[in-house]
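Visitor: I have a structure to look at, and I would like to understand the words people use about it. Could you walk me through them?

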Amino acid sequence: MILHDVEVFSRQEMETLQLERLQQTVKRVYEKVPFYQNKLNERNVKPEDIRSLEDIRKLPFTTKKDLREHYPFGLLAVNLSEAVRVHASSGTSGKPTVVAYTKNDIENWADIVARAIAIAGGEPGKVLHNAYGYGLFTGGLGLHYGSERLGMVTVPISGGNTDRQVMLIEDFRPEVICGTPSYVLNIAERMRELGKDPRQTSLKYGIFGAEPWSEEMRRTLEEAFDIKACDIYGLSEVIGPGVAMECHEAQDGLHIADDHFYVEVINPQTLEPVADGEEGELVFTSLTKEAFPVIRYRTGDIASITRERCKCGRTTTRMSRVKGRVDDMLIIRGVNVFPSEIEHYLLTVPELAPYYQIHLDRKGTLDIIELHVEINETFAQEIGGDVEGERVVLLKKQIQHLLKSYCLVSMDVVVHGPKALPRSEGKAIRIVDRRKEKAKI
Ligand code: DLL
């Protein structure tokens, strides 16, 4: 087990380091970024007023909207010429969110991700198959630099071209695979189609994230490949992957890189902090970034945190699995539910394959929600491919009952035959909102 000093710091040691770095960061943005300077001046706050970590609450929140309004480089704390890399996340509408890195930022990020890969079971000298997309998305290059920094033999295959992925997994014998959970699941499916058994590969560990996924999906992936699957979290605005990583020893929450990011959890309505263990919106302040520091960035992601020592021995703050984004929460007849909660229960139904989509539509003035699911090959054979038959009608009722009992929601269920739903090569699209299309007509 590779353990870094900072991962076992006492709370006091960590907080001393965090405060020192927070003070430097606030000073930096105040001097270099007019947006932050104006915001602090409006509140009558000077960098010297940050004397304790609690004083962070004197600082304003930053949102995605602020980033968009300063597109592309308005929030940089360096001259563009001092940056060596930019990344961007696509966003659902309009211009992407752009972030930049200096040479030091790239170095720090590589260290952070190297640590994350080691936390998940990666070791120098072993092969890492990196199926995250390379490009403006931070997944591919983020994991790549971390893997090299750790001293792993890095295979930069990126996403897509699944047959080639299958071939290289067989031939290069990786121990670690990285990708979105939905895409790596497709690799397992393709292997089986090609008559190969994913459980027989050399893989031991999976590093999965970039999209919400459930405990039941973890079980599905672990069984499919006979591996340990760990959750990696991050977002471009804060740095990219590696902000937090689950350890393979305990698989009990994600270890936040506290020495680089200060976490808060707030109630998204009142913006007040919530207690440890309570769910709320994650807010991060970067502590070491040069090109693109962020102050109290509202992620929109819902999770809780704990500061208790982990069974693995690390003392860093841990966050729970992200339930979903505030904007992806479905409100169905007054009940709030996240797609990942629906996924959790769907994956317990033995007749179903682990693929689903939630369609939102409008009939007249009523919002309609349809859950599209897919039966697996075994069940399809059992019923002779008859997806209209009695057994499927029963299955539909059973799914409706399950969701009603555990998620408290009623929705229409549409059952499809095997392989009918789209497969992802990166982040899976779980929600298809037809209401917006209709609004445009
Ligand atoms: O998805 C960075 C990343 C790459 C993380 C590879 C992990 C692995 P963005 O494209 O900016 O960055 O998207 C960030 O994705 O705010 C969450 O909503 C979601 N997300 C990321 N990781 C997880 C996770 C990358 N482990 C947005 N669980 C974030 C749930 C996640 N959601």
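Guide: Gladly! A polar contact is a pair of N or O atoms within 3.5 Å; within protein, one must be able to donate a hydrogen and the other to accept it, and residues adjacent in sequence count only if both atoms are side-chain atoms. Please keep in mind that this is a predicted model, where local features need pLDDT of at least 70, side-chain atom pairs count only at pLDDT 80 or more, and totals for chains, interfaces and linings use all residues. Residues are numbered from 1 along each chain as its sequence is written, and side-chain values use heavy atoms, with hydrogens and water left out.

Visitor: What makes Glu-211 a polar contact of the ligand?

Guide: A polar backbone atom of Glu-211 is 3.3 Å from a nitrogen atom of the ligand. The cut-off is 3.5 Å, so this pair counts. A backbone N or O atom of Ala-210 also lies 3.1 Å from a ligand nitrogen, and a side-chain N or O atom of Ser-236 is 2.5 Å from a ligand oxygen.

Visitor: Which elements give two or more residues to the shell around the ligand?

Guide: They are helix 5 (138–150) and strand 7 (228–235). Helices (H or I, at least four residues) and strands (E, at least two) are DSSP runs, numbered from the N terminus. Strand 7 gives the most, with 5 residues.

Visitor: Why is Arg-218 called buried?

Guide: Buried means under 20% relative accessible area, exposed over 50%, and partly exposed in between (1.4 Å probe, protein chains only). Arg-218 has 4% relative accessibility, so it counts as buried. This residue is in helix 8 (residues 215–225). Its side chain makes a polar contact of 2.9 Å with the side chain of Glu-215, and a polar atom of that Arg-218 side chain lies 2.7 Å from the backbone oxygen of Ala-229.

Visitor: Why is Val-86 called partly exposed, and why is Ala-88 called buried?

Guide: Both sit in strand 1, which covers residues 83–89. Val-86 has a relative accessible area of 36%, so it falls in between the two limits and is partly exposed. Ala-88 has 13%, so it is buried.

Visitor: What makes the nonpolar surface patch that includes Val-86?

Guide: Phe-73, Leu-80, Val-86 and Leu-136 make this patch of about 340 Å². Patches are made of residues with over 30% relative accessible area and no salt bridge (a side-chain nitrogen of Lys or Arg within 4 Å of a carboxyl oxygen of Asp or Glu). Like charges are joined within 9 Å, nonpolar side chains (Val, Leu, Ile, Met, Phe, Trp, Tyr) within 5 Å. At 36%, Val-86 is therefore over the area limit.

How values were computed
Areas by Shrake-Rupley, 256 points an atom, 1.4 Å probe, with all protein chains shown as cover.
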